[in-house]
Amino acid sequence: MSLRVAVFACAGSLVCGVAAAQTVPTQSSTSSVVQEPVLMQAMDTELHRAMADLGSASEPVASSNEKSAEKAPQKPYFLSYSAADAESVTITAQYGAIVNSNQSHDRTADVQVRIGTPELDNTHDTHRASALTTMSLPLTDDREAIERTLWFTTNRGYGKALDALEKVKTEQQVRAREEDRSPDFSRQQPVVDILPTEPPLTVDRAAWEARLRQISGIFRGYPDIFYDTVVLQATHETDYFVSSEGSKVAAPNHVARLIVEARTRAADGMDMFRDETFEADSAGHLPAQAEVMTKIEALAKGLNDLRTAPITEPYNGPAILSGRAAAVFFHEVLGHRLEGQRQRGDEEGETFTKLLGKAILPSFLSVADDPTLKTYDGHPLSGHYLFDDEGQPAQRVQLVQDGVLQTFLMSRLPVAGFSESNGHGRAQTGKMPTGRQGNLIVTSAKTVSDTKLRQMLKAEARKQGKTYGLYFEDISSGFAVTTRRSPQAFQVIPLVVYRVYVDGRPDELVRGVSIVGTPQAALSSIVATDDHPEVFNGLCGAESGTVPVSAVAPAMLVSSIETQRQAQGTSRPPIVPPPPLDDVPSTSTPNTTGTPKGGR
Amino acid sequence: MRMRSLLLIPALCSFAMAQAPQANDPILTAMQQELAREKADLVIPGMQRPYFIAYRLEDLHTYDAIASYGALTRETESHQRVVRVEVRIGNYASDSSSARGDGSLELAPMDNDPAALTYALWSATDDAYKNALRAYAAKQATLKTFQTPPTANDFTPAKSVTLIEPLVELTLDRDDWKRRLIAASGLFETSPEVRSFANDVQHSSASVSVLVVNRYTVDTDGTVLRHGYAGYSDDINVGGQAPDGMNLGRSNGSVATTAAGLESAAALNKRTLEDLISFNELRHAPLVDPEDYHGPVLFSGDASADVFNRLLVPNVEADRPDMGTAARTRGAYQSSYKTPILPSFLSVVDDPAMRTFEGHGLLGAYKVDDEGVPVAPVDVVVRGKLMNYLIGREPVKDFPDSNGHGRAGLGQGAHSRAGVILIKSLDPLSAEALHAKLLALAKEQGRDVYSVETLGGELAPRLLYRVSPDGKRTLVRGAIFDELDQRAIRSGILAAGGKPYVAQQVMPVPQTTIAPELLFADITVKRANEEQQKLPYYPPPVLPAN
């Protein structure tokens, strides 16, 4: 798994002096302090044996009785073993009852084999996955079994890589010259840093099951919310990485996440959902039950209100995106397009490739991605890690400075003008790493208070001859945990939208719009921001799998945003009224907030 | 056991069905309450009401452990409940159902929380009803495009049944089994008998897998069921390559209805060693002759059971034919009713009431099927002729009623599926007599013949012996069978043995096939021309000194 949370944060300085905990690293980068784990010793030994034996002149096992000894067998120029040793507890509740509660321990190895040269290897173009072979490892420190498993996996991976390299070479012969002639693999300095491994995971499952029943039980008070799920995931993981370049990294991480999702359907068939994620470094540090209950009660009420909210008309005018909405918007619309691999390849849109050094945002906005941050203003950040999945140290990357595009999120796949990784090669176990976001942080040099921002919205609406502006409180994206699909570039669907009337009427909750238009247009029409950034934590799915990410942004006033009627859902709401739910399950958890009782 | 004596077994099948409805199971009570509410209220004004609704709750408990190269690599346990709601619109003659089997699924609470359970049922029912309305409209429109009306009704009524069986529990000494798997999967390097070729063993793993299912069913016919089953299995999987690159492996295990029914630790070790040794023999075995062989092949009971499971069983399970055709069922025997499909000395009975056979607990045994129909023995093939199909509540031509074979895979609708299939010979030969007959054929034809012990997937031989007229057996590799088809089992079986082999499967539905050895007159044995992968590019790590 890709998330790495460590015991210290090494914060970079942020533009606009947004407060972030500056802590001195407590662990130096030396391996002498920590005893090298058996798993790592086995990985190291077997990796060096494979490098020595594979493709060596005296091909030891395979009898080459094929026609003409085909030159010397090819040695891999790069080999890496990464192992994820993860213990997890997952508990799920629905409708106020536990539906499953499981504990697991997995050890998985990703073996990466590269043959050819860094300039052109078996991963070229569409063959990226040919470098990777994944296998379960022994759960115990049985060195011989670990080594034999790695041998089996490496042997299979080497065969796959040989095959792919042949295809790559053939394709190079028949295709037109590629626009971006960058190498397939960057050259990096090896890193050695062996941090202490994670202690065993301990979660009081019975207590958490009781908490989850109570949280999920909230939805019994809202019978029209026909689906809800509350999930606790707690993981202790240690990631080990060794490579033929000499890198040796062991990094622990622990994370706990409480995810709540609920769905309802309006009378006209429109489906609506809300979700909320609570994040901490361990289950014990998640917010207290009372705080969670208050938030989820509000979420349930909001979703229930939304069901009967009027549908708003297509609109082209000013709007405010809340900090949370702006964070999601930047993650989707800007962040994904700044991933390095999207700047090369025949299938990529390359929206920003040619805009390097040019203004893509108003000059008062800057954007950085900083996975080294563990928290932001006291809030835990999901996108924190110490080393990326290619063994590179996490780095703060200034993507946009004063509105001008500076660089991309780089894995070890170079693109024109950027030959090295900047520590953003991330992947889920079993996938090839690509450039991904960690903690995307949007900062502003033109901030006003919320009150002032609202006044500016009304003024702008009046100027454009509108009776109201829109306030986007929450928008959805590929962040939703249940949606495993990769994010559709512009599919940002507003979940909670209000009309803010210029004549002083109270704000009115509406539904049924989606935001359309090009990202550049939307980004360049940002007029001002508020002064207190919000954190959005979530899971992001893309080609290299699901990785945890964060986005941080202040609320933003946009002079012009275009919306259209949202096309979705034609099913009728449930025919028969829901069954009586008046027996809300009693819970022993003391800090209960008022839970509405009774069905209809 | 002589096959003849099996004919007596069907007499055991009478069982008491008339238990008073026991409403003290909170799960069944909640299901009945929600079913009653939906039956009364579920209708969109102007549209049809359902004429049949069935609720099924599946409580699934699984445990799996795998060891590889002498170390545990995976251990998982899960316990989950799922509800499945089936709604039928229309009437018995023509309704919303499709061949797929239609239903809506929802996760159900592990807590015995009736409110949460009824809420999940309510949600799934709404979904199932809307899907059924759409499916009914689409199906009626499609039927109008065909000249030929369907050859049978869509569904058949059934008497209500109440059967409350004790809950089935997962009982396995997990630590003991983990130790067994670790030991077995490491034998290739720890056992002196096989250590000489340990480096040629590319993979060696052992696993144990348990599935325990308790099913709660209520339907609008008034049926109330609580029944379940357990499947325990352990497997060994070893393999590697021959010097020419051919992939070779041995993989087998035991299947049982209880943990105690699985093989002992000693038996597991013994079998693992045998597998390793036969793998090594295969590596050094000659390739089968490059030119085709057409002639006698003796199949062990194990191999015969695989043959019947592939060629006969699926074709006597009556699946509804495609709309617009006049066929009776799908498959090879759709127009074979009362015609020969086997030689006249073979008969086939499906008898799920038989719970044990020669000390084996039978996985395919049950009292009432998943559609609430009690089961009785069915004479499928009598003296070679197909006399009955196995069928659930979806009729086919000439078979308007269920004979208790509506069986559902996990989360699936019920389909016609076999339970305990017994293939019986009226004239069984002893193993010696059968072998003598094979040798007689070899002498008569003046050539070597073949004998097969085990098959892999697709009826490919795993352990195949060339047998010379003087009885010498030579293991060969790289063969496939050809012309092993319905014609071969109809008119190509010369004789059957008397030593039945019990083959069992847990998935997709628990099923047992009991088959004797078979002597075929004319099967093609040919060389498989598969790609040979490269041998390992570098040697495995050096084995530790013992």
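Modeller: Let's start with handedness: a crossing is right-handed if the near helix is turned clockwise from the far one by less than a right angle, and left-handed if anticlockwise. Keep in mind that this is a predicted model.

Colleague: Okay, so what is the handedness of the crossing of H3(B) and H4(B)?

Modeller: That crossing is right-handed. The helices are H3, residues 174–190, and H4, residues 265–284, both of chain B.

Colleague: And how do I read their angle: are H3(B) and H4(B) roughly parallel or antiparallel?

Modeller: Anything under 35 degrees counts as roughly parallel. Here the helices pack at about 20°, with axes 9 Å apart, so H3(B) and H4(B) are roughly parallel to each other.

Colleague: Which residues in H3(B) meet H4(B)?

Modeller: On the H3(B) side you've got Trp177(B), Arg180(B), Ala184(B), Leu187(B) and Phe188(B); their partners in H4(B) include Leu268(B), Asn269(B) and Thr272(B). By class, that contact has eight nonpolar, two polar and one charged residues.

Colleague: Moving on to the chains, how many salt bridges does the rule find across the interface of chain A and chain B?

Modeller: The rule wants a Lys or Arg side-chain nitrogen within 4 Å of an Asp or Glu carboxyl oxygen. Across this interface it finds two. Arg220(A) pairs with Asp113(B), for instance, with the closest N and O atoms 2.5 Å apart. The interface itself buries about 4,600 Å², 59% of it on carbon and sulfur atoms.

Colleague: What about Arg396(A) and Asp370(A)?

Modeller: Those two form a salt bridge as well, with the closest N and O atoms 3.9 Å apart. Both residues sit in loops of chain A, so the pair ties together parts that are 26 residues apart in sequence.

Key:
Residues numbered from 1 in each chain as written. Chains lettered and ligands numbered in written order. Predicted model: local features only at pLDDT ≥ 70, side-chain atom pairs only at ≥ 80, totals over all residues. Heavy atoms only, no water. Axes fitted to C-alpha atoms, helices over the stretch in contact; angles between N-to-C directions. Helix = DSSP H or I, 4+ residues; strand = E, 2+ residues; numbered from the N terminus. Parallel < 35°, antiparallel > 145°, perpendicular 65-115°, else oblique. Contact = heavy atoms within 4.5 Å. Nonpolar A, V, L, I, M, F, W, Y, C, P; charged D, E, K, R; others polar. Buried area = accessible area lost by both parts, 1.4 Å probe.
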